[in-house]
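Work through the exercises below with the model open. Try each task before reading its solution.

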Amino acid sequence: MAQLSLRGIKKSFRNVDVLHGIDLEIGDREFVVFVGPSGCGKSTLLRLIAGLDPMSGGEFLLNGKRMNDVPPSRRGIAMVFQSYALYPHMDVYENMAFGARLMGLDKGEVEARIAEAARMLRLEPLLQRKPRELSGGQRQRVAIGRALVRKPQVFLLDEPLSNLDAALRSEVRLEIARLHRQIGGTMIYVTHDQVEAMTLADKIVVMNAGRIEQVGSPRDLYETPANTFVATFIGSPRMTLVDVRCEGERLVLPNGGSVHVGALPDVGELKLGLRSDAVRLSRTAGGDGFAGQVVYTEYLGDNAYVYVRLADGTLVAARTGPDDLFEPDHMVTISVEPGSVHLFSAGDGRRLVP
Amino acid sequence: MREGPPSSSARAKRIFMPQLRMTGRGLWITVLIVPPLAFVALFIVYPIISAFAYAFFDWQGLRRGAFVGLENFHTVLFVEPYRSWTLNAFKNNVLVFFALMVLQNGLGFVLAYALWRELPGARFHRIAVFLPVVLSTIIVAYLFKLFLHPLFGVVNISLRGLGLGELAQPWLGQSNTALWSLIVAQAWHMVGFPTLVFLAGMQRIPSEMLDAVRMETQSEWVKITKIVWPLVAPSATIVFTLLFVGAFNWFELPYIMAGLDGSPFGSTDVLGLYFYRTAFGNVSAGQQNFGLGSALAVLIFIFIALVATVITVRLRAREIQL
């Protein structure tokens, strides 16, 4: 059972404010991913939850108990570090036993827990090895095992995959997902990789410049992003934003054509968000839609992305079939699926509901 | 030195170039290595070998007498009064070594830990702690001799000022405090060195590893004994070895603060002073015996070399084990 409440959490280093009041509720057994660009404060927030750094303001409650002044080792929280931070002078067994013994568990219990963690993470043949004799993926598993053995209420993982190569990364990612299902603890995971966030999370917290931009399931964030930041951060290739003017039920690009999207909010200017799967290309120039010129085509085997420049210079990505390739410099017409466009305010970038 | 467009003759020349450069390189190596090698041979290897040789002869002043075999060694080790003098000096050296191990290295580790944890004022103290190391031993020794002066010394004046007048005493003038006074002066002088080495060792510990420990315990004691100390063990090897060599070669500070006789009553006598006195004589005794002195020097050398080797090998083994 682990219920985390973050209330107005602030952090500043000297006079630089890094977090400007974070409010967040995390439920039991949830897999929460903090995602955002470098320097957005996601790792700082994780360190505050761990208790490694003091908060400058706000409150952190774990199961209703105020944790602000509880030392990290007493919070019932375990952390897996980016560099794994294994103790180089202890073998794998000792690395896992160290924390468990400090909790005051008796010898048999420590052994049982290590055996269980080793089995779950396939570490049995490695127990007598020193960290320097392990590969990156193995070290990663030991770091996770060290956290498991303490049976914490909350697991914190700080960019755990960033030191692994691409092939291993997806493998360990699956392993972490499996582990979460198996042990059912609350996990908080920090990453700057939106693919990791999308594949692992029950709940994604998108952060930017020390603030939470949006909290929601991967599907929520993809389908109804709250603002242009979330819209362009989640999804690959990035959503394209086009500055357009409303005219009745049509969106008009100055000197570049217009598209029909149905009912529109009553504002003059807005930003139209286009994902690659919402865009249709037709080979005839001058049709009903935005006029564009093909810049290049990315062929990916099962599909292809065609990048088209609009009249105002914006580059739009459109997904096409693998046989539907376009030559560079070809003039095309872009139409959109009326149901799958996103509209944002031209001023503050917030989502507009038609 | 680039020539014009490569012709066939130039290409032929280039084929020979590497060979020429090899000889040039060999020449350079020779030129750079021979002078220091000669220097080391003349001023280090030769004196060591000749000291070995001198120890096997009888000496009349600086005139070499008959070959006496191991008699000089026998005299300094087993014949009175040399036997008790040797034993007394050796015992004092052993005491100095262990006392400095605690006061200098132990305190150095604690200071390094405090500096590393960035306690308030760490920036200032990082420099302050190392400053005495830069001072000449002679200056430190004279300073402490002044500090410890029975009447005008700052130590006794402070004690009296604090109303602890009964603790004021002639620190360097009585057998039970003299050696300890020297040890404290030495520890003050050199504590910055182990501090610096330990601090460097600690700064190599990644900050995430410390965070990992903090997630598991808040006890400073566990952090130090289980994580920090094992990880700075490589620094400890060099610090221990150098302290051992330094403690058994101790000379300048006792020479200035206590004099060549290790006064009072030999309570500050150490092997360095004893050797010097025996080999070159002193003002009060006047006698000098090169043979006995050399025998002592050889024994000290062998002892230090053997023990230092054992310490290094043992500690190195522990490093790998860790």
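**Exercise 1.** Find the bridge partner of A:Leu61 in β5(A), then describe the hairpin around this pair.

Solution.
- Step 1. A:Leu61 has A:Arg66 as its bridge partner in β5(A). The model is predicted: local features need pLDDT of at least 70, side-chain atom pairs count only at pLDDT 80 or more, and totals for chains, interfaces and linings use all residues. Residues are numbered from 1 along each chain as its sequence is written, while chains are lettered from A and ligands numbered from 1 in the order in which they are written.
- Step 2. β5 of chain A spans residues 65-66 and pairs with β4(A) in the antiparallel sense, over two bridges. Strands are DSSP runs (E, at least two residues), helices likewise (H or I, at least four), numbered from the N terminus. Two strands pair if DSSP finds at least two bridges between them.
- Step 3. Two residues separate β4(A) and β5(A) in the hairpin. In its turn, A:Asn63 has a positive phi of about 55°.

**Exercise 2.** Identify what else β4(A) pairs with.

Solution.
- Step 1. β1 (residues 4-13) of chain A is joined to β4 (residues 57-62) of chain A by five bridges. The two strands run antiparallel.
- Step 2. One pair to locate: A:Leu6 with its bridge partner A:Phe60 in β4(A).

**Exercise 3.** Trace the six-stranded sheet of chain A and find its edges.

Solution.
- Step 1. The sheet is open, with strand order β6-β7-β8-β3-β9-β10 and mixed pairing.
- Step 2. The edge strands are β6 (77-80) and β10 (211-216) of chain A. Each has a single partner strand, so one side of each lacks a neighbour in the sheet.
- Step 3. Direction ignored, neighbouring strands of this sheet are turned by 20° against each other on average. Axes are lines fitted to C-alpha atoms, for helices over the stretch in contact; angles run from 0 to 180 degrees between N-to-C directions.
- Step 4. At the β6(A) edge, four bridges lead to β7 (residues 154-158) of chain A, and the two run parallel. Here A:Val80 has A:Leu157 as its bridge partner.

**Exercise 4.** Is α4(B) largely buried or in the open?

Solution.
- Step 1. α4 of chain B covers residues 122-134, 13 in number. From first C-alpha to last, α4(B) reaches 19 Å, close to the 18 Å expected (1.5 Å times one less than its number of residues).
- Step 2. One of the 13 residues is buried, so α4(B) lies largely in the open. Buried means 20 or more other C-beta atoms within 10 Å of a residue's own, exposed 12 or fewer, partly exposed in between, with C-beta atoms placed from the backbone.
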